[in-house]
Amino acid sequence: MTNTPTAAPVSPAGAADPSRWLRVHHPRASAAARLVCFPHAGGTANAFTALSAALPEDVELLAVQYPGRQDRRGEPCAQDLSELASGVAQALAGYDDRPLFLLGHSMGALVAFETARLLEERGTVARLFVSAARPPAQDWQEPDLSLVGDEELTAGLRRLGGIPEPLLADPEIAAEILRLLRADHRALLRHRCAPDTRVAAPVTVLLASADPKNSLEQMADWARHTVGGHEVAALSGGHFSLLERPGESAPPLTRRIREDLARPAAAASGAAAASAAPDAEPLADLVRELMMEGLAGRTPRLSTDLTALEAAAGEVMAPEAFAYVSGTAGSGATGRANRTAFDRRQLLPRMLRGTRRTDTSVTLFGQRLPAPVLLAPLAAQQVAHPEGESATARAAAATGVPMVVSTFASRTLEEVAGAAGDHPRWFQLYLPSDRAVGESLVRRAEASGYGAIVVTVDATHLGFRPAELDSGYSPFLRGTGIANFTGDPAFRAGLPADADATQAVLRWAQISTDPTLTWEDLAWLRGLTRLPLLVKGVLHPDDARLALEHGADGVVVSTHGGRQLDGGVSSLDALPAVRAAVGADVPVLMDSGVRTGSDVVKALALGADAVLYGRPYVYGLGLDGQRGVEHVLRCLLTDLGLALALTGCASLADVGPHLLANGDRR
């Protein structure tokens, strides 16, 4: 599109004339991988010059040059996208000496997708990155640009960004840009893709936060076009963020490429270690993996210190979102007490117990779980990452940790169930004042395969939370965290037929919780479902007894993460009395303040059967999406397994008050 010189064409031995199609802006002979980049409609290989410079030495960028532009101006523009994909696939025939990653921006994403399909006929593509592009089977709703005048089309380009104003102000250059744009759009409009068309490669969707053409909802269907897994990586900026902010775009690309390259090496190292020590504890694999990575000069993107994630998340999350996730009630005394209670208690290990293996599994309500850990129900997770609870559910399934999904999730319970697949999950219920909506939520949870109902009883009134109040921020009043209501037929039945988003939010605010709840309402809920029923928010032993009397199957000792009553007792301090009140056979879980594997052992020693793990995984979500949650959970489970081994426990049955030093057992 511009008169700037193009990079030198490349032509490896044996390739089918790749010099027409591929440009290398910054040759890197020792690169471990190649990233092949496909430009947008009207774009050229030069669009990726800055991104190429921003990549590290171990990644070489090959930029695709479509016919009809710059040094290929004498050739006719392609009539359809499959013609472009065929040309690129043939040009890449000589590039099988290193892993290939494909990246397409806007229209280029469809060309990259079709190229990946062709390349997989003779080999594999390591990963497909798609930026600012709706899925291939979706109607892109693009206009016929042959019917749009030059002035209107130029104004649209200005709104979208991506083209410097001096270029649009030059009549000759502007005419060339519009010529190419119209030609490429004709090919785009001819493109057709069946909904069940898939590639084997995993797909990473690069989604800019302020892209006016694409939203997270529109991007969701990329998942159905791959059998290799799907994820979303957030970028800041608009539609052309990938090209205009190469310093921000390069790190997530590089990180993912390096992780994919390292995975086979890590697997080989793990196999060798297993061969050398066949009885090694599987949960220690993470330690070995990170040490092997360290030998190669690579360190983990996120800290393995789970207590350090809050500060790290505070650096990257929006201030109001971080305040919502991290904030506590009043002066924060209850939140501090939750952590102090763990710090005050000390483990007293026993030696030479032969704990080469540790069994962390636990049975709850007849189901065997790999560890005594479930993900606590945290609301509105989209404030931390665009994929919200969907990313968390996939991470939970990948690590074997059940997820408790909040009523106030930013994804519907059906969407989260879809992301979780066959993996166990529970549904947390805030009982609405409209009982028809409450019943509908329970029926939907049953139909979607949730294994238990966790009714929260300590938030019938919202706590006084200065961090949220000072920022004037509520995700719910902005429409985030109410998806289970707006998607519910009983809730919609209470709205006018022409209700807008504001009316939906107002109705949600009116009925979402019920300050008049009594124990009799729990009995009503018990009669509604045969699923196991737990009461969450219990701290007093008498309330634990009342919960059982009114139909509960178990209780969760909880301070709501210190977000409700300021100056209240910590969950860990309340736990022993609750356990004594309900007896040994009733499932008792706890949350609030749990951060490490040693914390889990302390909770089990004081009577918990399992813990709900909260804020740290949301910090991981905010820092690195699904991969961030997986990292947090792998660290926690590894730490738990090692804590058991180092205290002399071969299984959870060996854990008891005797593990705590004198004076720490109350």
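Cys77 counts as buried because its relative accessibility is 12%, and Cys635, at 7%, is likewise buried; buried denotes under 20% relative accessible area, exposed over 50%, and partly exposed the range in between (1.4 Å probe, protein chains only). The structure contains zero disulfides, a disulfide being a pair of cysteine sulfur atoms within 2.5 Å.

The model is predicted: local features need pLDDT of at least 70 and side-chain atom pairs count only at pLDDT 80 or more, whereas totals for chains, interfaces and linings use all residues. Residues are numbered from 1 along each chain as its sequence is written, and side-chain values use heavy atoms, with hydrogens and water left out.

Helix α20 spans residues 501-511 (helices are DSSP runs of H or I, at least four residues, numbered from the N terminus). Its buried residues are Ala504, Val505, Arg507, Trp508 and Ile511. Viewed down the axis of α20, these fall within an arc of 165°, so they line one face of the helix; the arc is taken over the directions from the helix axis to the C-beta atoms. Thr502 and Gln510 are exposed on the other side of α20. The cover over the buried residues includes α16 (435-447), α18 (483-486) and α19 (489-493). At the start of α20, a side-chain oxygen of Asp500 lies within 3.2 Å of the backbone nitrogen of Thr502.

Elsewhere, the axes of α11 (residues 309-316) and α25 (residues 615-646) come within 8 Å and cross at roughly 100°. α11 is therefore roughly perpendicular to α25, a label covering angles of 65 to 115 degrees. Among the residues that meet (heavy atoms within 4.5 Å) are Leu309 and Val316 in α11, and Tyr619 and Leu623 in α25.

Notes:
Helices (H or I, at least four residues) and strands (E, at least two) are DSSP runs, numbered from the N terminus. A polar contact is a pair of N or O atoms within 3.5 Å; within protein, one must be able to donate a hydrogen and the other to accept it, and residues adjacent in sequence count only if both atoms are side-chain atoms. Axes are lines fitted to C-alpha atoms, for helices over the stretch in contact, and angles run from 0 to 180 degrees between N-to-C directions. Angles under 35 degrees count as roughly parallel, over 145 as roughly antiparallel, 65 to 115 as roughly perpendicular and the rest as oblique.
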